[in-house]
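Visitor: I should like to look closely at a single part of this protein. Would you kindly choose one and describe it in its setting?

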Amino acid sequence: MNTVRMPKTINFGKNALSETQYPKNALVVTTAPPDVSAKWLAKMNIQDYMLYDKVEPEPSIETVNKVMAEFKPKNPSAIIGLGGGSSLDVAKYAGMEMKIPKILIPTTFGTGAEMTTYCVLKFDGKKKLLQDERFLADMAVIDAYFMEGTPEAIVKNSVCDACAQATEGYDSKRGNEFTKMLCKSAFDVLYDAIMNNKPENYPFGSMLSGVGFGNASTTLGHALSYVFSNEGVPHGYSLSSCTTVAHRFNKSIFYDRFKEVIEKLKFDKLTLKAPFDQAADVVMTDKGHLDPNPLPVTKQDVVQLLKDIVDGKL
Ligand SMILES: NC(=O)c1ccc[n+]([C@@H]2O[C@H](COP(=O)([O-])OP(=O)(O)OC[C@H]3O[C@@H](n4cnc5c(N)ncnc54)[C@H](O)[C@@H]3O)[C@@H](O)[C@H]2O)c1
């Protein structure tokens, strides 16, 4: 048997943000500073809400605890995560703990966090990937409105993340016919949007990718990318090279088109400070991504792939 989970309601497309009805006395959590969030909240036409705007990027469980300590006594009717993956993950965890409906509104289009049962938070300074169906949104609202004015680097890294998730998700051994259909459609939408300069279609592609990979998992590309992320390279940027060499290794049907996408987006070559051998040891511990990889991977394979990435042999 296969099971696919997704939010109960998905409102998407032009005007989804302003046409969605938001409950009164909801708590909005975001990373965005007041001048930015004020604009977003006005566009939502939301009334009678509470705001917590001190979520930090890559948030920790302490932030969730702060939100609950301050707002649980005020009995919020729902929690609204408004922002990138960081804001959504805080809303997911706090909403689950407070047992209130979760409404997730992404303002970056790459993590797919609004669609998944995953939640990434730091515990004792280390990022941890949690999975629980109680993290699922009751409602997700996807609107390309947020694309306008978003710094180019954020847009480019986010869409690369979405492409990597869709294509690795398709290849994952944990996938099924339904997730494969979603991942393939997601990449088709994203490829067309990137190659033909239609960024307004990134949110729809990212949404499809979120449901697809969120029910399948990502693979070798993501395992390789974490050693670069650990050295401060943005996630989407590290995936540009890592997912390409992983697709070559796996003989993925997406290898050529994924490479075209990263060439079009103009990502630079990556560098790695850690010695290859040491970095490969770290990659090999990532069973969560290596076990669902379509082909078995040895430490020697990983060393070679890391060398190829740094040499720009994609
Ligand atoms: N739960 C999941 O399924 C899942 C999946 C992948 C990643 N994640 C997590 O998501 C987090 C990363 O999320 P992210 O990449 O969306 O970034 P982010 O949420 O950390 O935001 C990065 C920065 O961009 C700003 N920002 C967001 N939207 C903007 C907009 N429209 N215009 C201008 N600035 C904007 C934010 O205020 C913040 O300063 C990480 O913690 C990652 O681990 C979660």
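Guide: The following account concerns one helix, its surroundings and its place beside the ligand. Please bear in mind that this is a predicted model.

Let us begin with the whole. The protein is divided into domain 1, residues 9-147, and domain 2, residues 152-311. The C-alpha centres of the two domains lie 25 Å apart. Where they meet, 15 residues of domain 1 are in contact with 21 residues of domain 2. On the domain 1 side of this contact there are seven nonpolar, six polar and two charged residues.

The part chosen is helix 4, which runs from residue 85 to residue 98. How far apart should the ends of its 14 residues be, at 1.5 Å a residue? The expected span is 20 Å, and the end C-alpha atoms are indeed 20 Å apart, so the expectation and the model agree.

Next comes the question of burial. Eleven of the 14 residues of helix 4 are buried, and the helix is therefore largely enclosed by the rest of the structure. The buried stretch consists of Gly85, Ser86, Ser87, Leu88, Asp89, Val90, Ala91, Lys92, Tyr93, Ala94 and Gly95. Which elements cover these residues? Among them are helix 3 (61-71) and four strands: strand 2 (26-29), strand 4 (79-83), strand 5 (102-106) and strand 6. After the helix comes Lys99, which has a positive phi, near 55°.

We may now turn to the ligand. It is surrounded by 22 residues, and the closest are Pro57, Gly84, Gly85, Ser86 and Ala113. Two of these names, Gly85 and Ser86, have already appeared among the buried residues of helix 4. Helix 4 and strand 6, residues 118-123, each supply at least two residues of the shell around the ligand. Which element gives the most to this shell? That element is helix 4, with four residues. By class, the shell divides into eight nonpolar, twelve polar and two charged residues.

Strand 6 thus appears twice in this picture: it is part of what covers the buried residues of helix 4, and it also supplies residues to the shell around the ligand.

For a second example of the span calculation, consider helix 6, residues 177-195. Its 19 residues should span 27 Å at 1.5 Å a residue, and its end C-alpha atoms are 27 Å apart, which agrees. The buried residues of helix 6 pack against helix 5 (152-171), helix 7 (202-214) and helix 10 (255-265). Just after helix 6, Asn197 has a positive phi of about 50°.

Methods
Residues are numbered from 1 along each chain as its sequence is written. This is a predicted model: local features need pLDDT of at least 70, side-chain atom pairs count only at pLDDT 80 or more; totals for chains, interfaces and linings use all residues. Domain bounds come from an automatic or database domain assignment. Two residues are in contact if their C-beta atoms, placed from the backbone, lie within 7 Å. Ala, Val, Leu, Ile, Met, Phe, Trp, Tyr, Cys and Pro count as nonpolar, Asp, Glu, Lys and Arg as charged, and the others, Gly among them, as polar. A residue is near a molecule or strand if its C-beta atom, placed from the backbone, lies within 6 Å of it. The expected span of a helix is 1.5 Å times one less than its number of residues. A residue is buried if 20 or more other C-beta atoms lie within 10 Å of its own, exposed if 12 or fewer, and partly exposed in between; C-beta atoms are placed from the backbone.
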